[in-house]
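The following exercises concern the pairing of strands and the contact between chains. Please attempt each task with the structure at hand before reading its solution.

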Number of protein chains: 2
Amino acid sequence: MIAQLLDGRIVANAVYHDLKNEIDQLREDGCEPFLTVVIVGDDPASKTYVRNKHRACEKNGIRSETIELPAETTEADLLGLISELNGNDDVHGILVQLPLPGHIREDRIIEAIVPEKDVDGFHPVNRGKLAAGADCFEPCTPAGIRHIFKHYHIEPKGKHLVVIGRSQIVGIPFALMMMQKKEWANATVTVCHTATADVSQHTKMADIVVLAAGHPHTLTGDMIKPGCVVIDVGTNRVEDAQAEKGYRWVGDADFDSVKEIAGMITPVPGGVGPMTIAMLLKNTVRAAKLLHQK
Amino acid sequence: MIAQLLDGRIVANAVYHDLKNEIDQLREDGCEPFLTVVIVGDDPASKTYVRNKHRACEKNGIRSETIELPAETTEADLLGLISELNGNDDVHGILVQLPLPGHIREDRIIEAIVPEKDVDGFHPVNRGKLAAGADCFEPCTPAGIRHIFKHYHIEPKGKHLVVIGRSQIVGIPFALMMMQKKEWANATVTVCHTATADVSQHTKMADIVVLAAGHPHTLTGDMIKPGCVVIDVGTNRVEDAQAEKGYRWVGDADFDSVKEIAGMITPVPGGVGPMTIAMLLKNTVRAAKLLHQK
């Protein structure tokens, strides 16, 4: 078997297409969706992420601004800025790029954002509502996987879905979403992680495997059953002398062996990656709508 | 094999014993732990639960008051009362007995309680912190199971733990607790529910099974592996002509067959049940401490 590739760029474009109508409608109603991104310090990877978010906003008719603060910014100053942004009616989405410098407590900062503008879905209120299956801002990467499922008619209901990795950004929220009694979820969910005795015992039973471990070769072809759907959230930089830059990006799956057994698989890059920013924009438009209705 | 019984009354008494010192200390510091329970309407089961909570408080040196409101109380009136209790510095814990009459939105009421007095652990902020592995009020029944584990030296780390049932009160929060990278957790967790194709496929692999489905005979002896730990949260009323009242309480496990295969099992009644109120009192003392420190 050669697995069908699940192309995140196609799904993201479909999301942008649908968003365009919503954004046009909002503008007609006198509301310009506006995302503010805050970045503290000079981490090059973070800067690239922030730049990509800004570009995606520009391209899709969402106003966006990036506030760059020096690495020595105090927690109090950052809290002051958040409070200002909370109170600014023009701002609909607030995103603080993580990680923050060590002297700033990330949880304090995240909790300071009003939940209504928390387009990353990281505020405890949004996490708690997610756990309860209530309406909320879903974190972007899990929400992106959900959209891939929808686009490719992958129905988790009654399936055994194994998540590898228990991060707060992907693994745990996605597991929580998939175990809910919802039309688009309702899967039997297993969460594996670094303390799991034998990951393959679980993946061999799985209909769907979601990889969010952050390690190459976490899943090999002999660990899954034929026809399994593999969603690969990993983006690991590996050295490659033959690549132009001396490295390339690979997922958590051993792609060559997994694609021979799986029924469907997301490539890296071009799978889940493009969905994360698409969902950020979707959350921003949602925030604008809800705040504008108020 | 005849399973060892895990006696929740013994564990609860150990908790009360430890709490006594904390309560004495608080009183010496001029703080009297105080729980307010609000009940709306005349549901007899709810009234019994509330009475039991009140008695446990009395017996263990925690001041408690029950506010009984008529079934026709409006949502606005209940919100007004919550707001008053939030602002009353003497009150450390606020518990609104569920279910509420249909015309009152439970989520609105729960969200109105300040998270610092939410001793049930049902506020989105506490749920969200639980999901993130942060310090919070843990919901009472899952916290009670954790204490049973501790008392009987059951270590979930690296074990495969299967939860049957995805309620917001037991199944989901307990699954979330057990998948965290904590000394007392760190299990590989599977959540089964009504849409699970074949529950026994999962339970047969499990080292620990937690039953929170609300149906008798959810688990039978042929569904588990020898030595498995079975925690039974179910309390189902079944007719029994030979019983004095015409009925008796049974758990979700088919006790007679499961006890022959399991290594340990909680009986019903007398297993998890007594732990729920013990944890409510523990949360109330915790709330009093934190609010008093402020």
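**Exercise 1.** Determine how strand 8 and strand 11 of chain A are joined.

*Solution.* In this predicted model, strand 8 (residues 229-232) and strand 11 (residues 264-265) of chain A run parallel and are joined by two bridges. To locate one bridge, begin at A:V229; its partner in strand 11 of chain A is A:M264.

**Exercise 2.** Establish the strand order of the open sheet and identify the strands at its edges.

*Solution.* Step 1: the sheet has 12 strands with mixed pairing, in the order 1(A)-11(A)-8(A)-7(A)-5(A)-6(A)-6(B)-5(B)-7(B)-8(B)-11(B)-1(B). Step 2: strand 1 (4-5) of chain A and strand 1 (4-5) of chain B each have a single partner strand, so one side of each lacks a neighbour in the sheet. Step 3: where the chains meet in this order, strand 6 of chain A (residues 188-192) pairs with strand 6 of chain B in the antiparallel sense, over three bridges. There, A:V191 stands opposite B:V189.

**Exercise 3.** Describe the side of chain B that touches chain A.

*Solution.* Step 1: chain B and chain A contribute 29 residues each to the contact. Step 2: on the chain B side, helix 5 (124-131), helix 7 (171-179), strand 6 (188-192) and helix 8 (199-203) each supply at least two residues. Step 3: helix 5 of chain B gives the largest share, seven residues. Step 4: by class, this side of chain B has 14 nonpolar, 10 polar and five charged residues.

**Exercise 4.** Which strands does helix 7 of chain B lie across?

*Solution.* Helix 7 of chain B lies across strand 6 of chain A and, within chain B, strand 5 (160-164), strand 6 and strand 7 (208-211). Relative to strand 6 of chain B, the helix runs at about 165°.

Key. Residues are numbered from 1 along each chain as its sequence is written. Chains are lettered from A and ligands numbered from 1 in the order in which they are written. This is a predicted model: local features need pLDDT of at least 70, side-chain atom pairs count only at pLDDT 80 or more; totals for chains, interfaces and linings use all residues. Two residues are in contact if their C-beta atoms, placed from the backbone, lie within 7 Å. Helices (H or I, at least four residues) and strands (E, at least two) are DSSP runs, numbered from the N terminus. Ala, Val, Leu, Ile, Met, Phe, Trp, Tyr, Cys and Pro count as nonpolar, Asp, Glu, Lys and Arg as charged, and the others, Gly among them, as polar. Two strands pair if DSSP finds at least two bridges between them. Axes are lines fitted to C-alpha atoms, for helices over the stretch in contact, and angles run from 0 to 180 degrees between N-to-C directions.
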